[in-house]
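Trainee: I have the sequence and the model open side by side, and I would like to take a close look at a single part before going any further. Could you pick one helix, describe it carefully, and then connect it to what lies around it and elsewhere in the chain?

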Amino acid sequence: MRVVIAGASGFLGTHLTEHLRVHGHEVTALVRREPASAHESRWDPRAGEVDVEVVGRADAVVNLAGASIAGNPHSRRWAEEVRESRVSTTGLLARTIADAERPPAFLVGNGIAWYGDHGAAPVTEDSESLGDAFLTRVTREWTAAADPAREAGARVCVLRTAPVMDRTSPPLKQLRLLFKAGLGARLGSGEQYFPMISLRDWIGAVSYLLESRDVSGAFNLCCPTTPTNAEFTRELARAVHRKALFAAPAQVLRLAAGDLSSELLGSVNARPAALERAGYDFEDEDVREVLASALA
């Protein structure tokens with residue numbers, strides 16, 4: 001397949017690009033600087049510029065672009081950059097796909113935060129989006145930005161991604177160091193559900209969706225059995241051979257994390273129902289397997 005990837009230089013984009021090329025796919029990365037090779041194409045989402053021929057020739061376009069959510073959660077500038085970097089890139093690619101003579105498939109990044117706080121109730125792709133938390137609002141706009149491609153008849157897959165666990169990237173990179181130093185702690189009561197997915201299953205699921213040409217819609221990218229924060233805390237402490245005896249009070253987290261506190265204290269008991277219906281087989285099904293893969 002001919003695949004165009006926005007955000008190819010990021011953590012997930014780098015791993016996905018390498019995987020696709022190893023498996024024989026032709027990958028073109030959208031870059032904001034001058035292209036250094038024939039496998040790159042320049043674009044400027046702020047100016048609304050992208051090579052329509054590159055997009056039109058593709059079998060699929062993957063948008064993983066977006067500013068890091070690691071920043072000052074009390075800053076309006078940070079919040080606007082997080083929102084704009086996701087919505088504008090998705091909108092530009094969706095409109096370009098819609099104008100193509102043969103619209104390619106569109107796999108658009110998104111977040112499990114779309115659902116908001118559902119407590120202990122199981123959450124599938126059919127569950128509604130609740131609340132007004134910052135990232136929940138962003139993911140709603142992010143989803144809507146893909147509408148032009150959808151309305152033009154393109155196959156659109158919305159990747160509602162849970163935190164991807166790998167020792168080399170957030171959040172596990174920092175958490176591993178904290179826990180190894182004996183500073184591991186559950187967040188608040190620890191009863192909130194905390195969805196996650198291993199890097200190899202994220203790559204496997206996205207590749208599966210790229211190659212499964214008859215599936216579309218929203219997909220929860222998370223392991224089949226979602227742990228609570230307390231379960232995750234216990235398993236990570238066990239994996240690094242330390243004890244986690246502390247608890248971070250919810251009130252302190254709300255003050256410190258600002259708009260991101262809902263990501264720490266909200267509960268999403270997610271299930272990857274659509275992926276399982278599509279036939280994807282997970283390698284890492286629960287928190288112990290996810291951490292074993294991530295820390296290997």
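Mentor: Let us take helix H8, which spans residues 229–239 and holds both Glu235 and Arg238, placed three residues apart, or about one turn of the helix. Please keep in mind throughout that this is a predicted model. Glu235 and Arg238 form a salt bridge, and their closest N and O atoms are 3.0 Å apart. Side chains of opposite charge can pair when their charged atoms come close. The two partners differ in how much cover they have: Glu235 counts as buried because its relative accessible area is 10%, under the 20% limit, whereas Arg238, with 43%, is partly exposed.

Following the chain onward from helix H8, one comes to the loop between H8 and E12, where His241 is found. His241 has a positive phi of about 60°, although it is not a glycine. With a relative accessible area of 68%, His241 is exposed. Strand E12 covers residues 246–248 and includes Phe246, which is partly exposed at a relative accessible area of 46%. Phe246 also belongs to a nonpolar patch on the surface, in which it is joined by Leu178, Leu183 and Leu245, and the four together have about 430 Å² of accessible area.

A further backbone feature is found at Pro170 and Pro171, which are joined by a cis peptide bond with omega of about 0°. Pro171 is placed in the loop between strand E8 (164–165) and helix H6 (172–180).

The salt bridge in helix H8 can now be set beside others, since the count for the model comes to 15 salt bridges. One of them joins the side chains of Glu40 and Arg33, at 2.7 Å from N to O. Here Glu40 counts as buried at 18% relative accessibility, while Arg33, at 44%, counts as partly exposed. Another is formed by Asp59 and Arg102, whose closest N and O atoms are 3.9 Å apart. Asp59 lies in the loop between helix H2 (52–57) and strand E4 (60–63), and Arg102 lies in the loop between helix H3 (76–99) and strand E5 (105–111), so this pair ties together parts that are 43 residues apart in sequence. Asp59 counts as buried at 18% relative accessibility, and Arg102 is partly exposed at 43%. Beyond such pairs, Glu80, Arg83, Glu84 and Glu141 are linked in a network of salt bridges.

The strands that border those two loops, E4 and E5, are themselves partners, for they pair in the parallel sense over four bridges. Within this pairing, Asn63 stands opposite Val108 in E5. Strand E5 is mostly covered, with seven of its seven residues buried. Ala105, Leu107, Gly109 and Gly111 point one way from E5, while Phe106, Val108 and Asn110 point the other way, and the residues on both sides are buried.

From Gly111 there is a spatial link to follow: its C-alpha atom is separated by 9.5 Å from that of Arg140, although the two residues are 29 residues apart along the chain. Arg140 is found in helix H4 (residues 134–144) and, at 29% relative accessibility, counts as partly exposed. A second link of this kind involves Glu151 and Ala98, which are 53 residues apart in sequence and 7.7 Å apart in space, C-alpha to C-alpha. Glu151 lies in helix H5 (residues 147–151) and counts as exposed at 67% relative accessibility.

Finally, charge also appears on the surface in another arrangement, a negative patch that is formed by Glu276, Asp281, Glu285 and Glu289. Glu289 lies in helix H12 (residues 287–295) and, at 35% relative accessibility, counts as partly exposed. To return to the part you asked about, helix H8 holds Glu235 and Arg238 about one turn apart, with the buried Glu235 and the partly exposed Arg238 joined in a salt bridge.

Technical notes
Residues numbered from 1 in each chain as written. Predicted model: local features only at pLDDT ≥ 70, side-chain atom pairs only at ≥ 80, totals over all residues. Heavy atoms only, no water. Patch = residues over 30% accessible without salt bridge, like charges linked within 9 Å, V, L, I, M, F, W, Y side chains within 5 Å. Areas by Shrake-Rupley, 256 points an atom, 1.4 Å probe, with all protein chains shown as cover. Lys, Arg positive; Asp, Glu negative; His and termini not counted. Charge placed at Lys NZ, Arg CZ, Asp CG, Glu CD. Buried < 20%, exposed > 50% of the residue type's maximum accessible area, 1.4 Å probe, protein only. Pairing = 2+ DSSP bridges.
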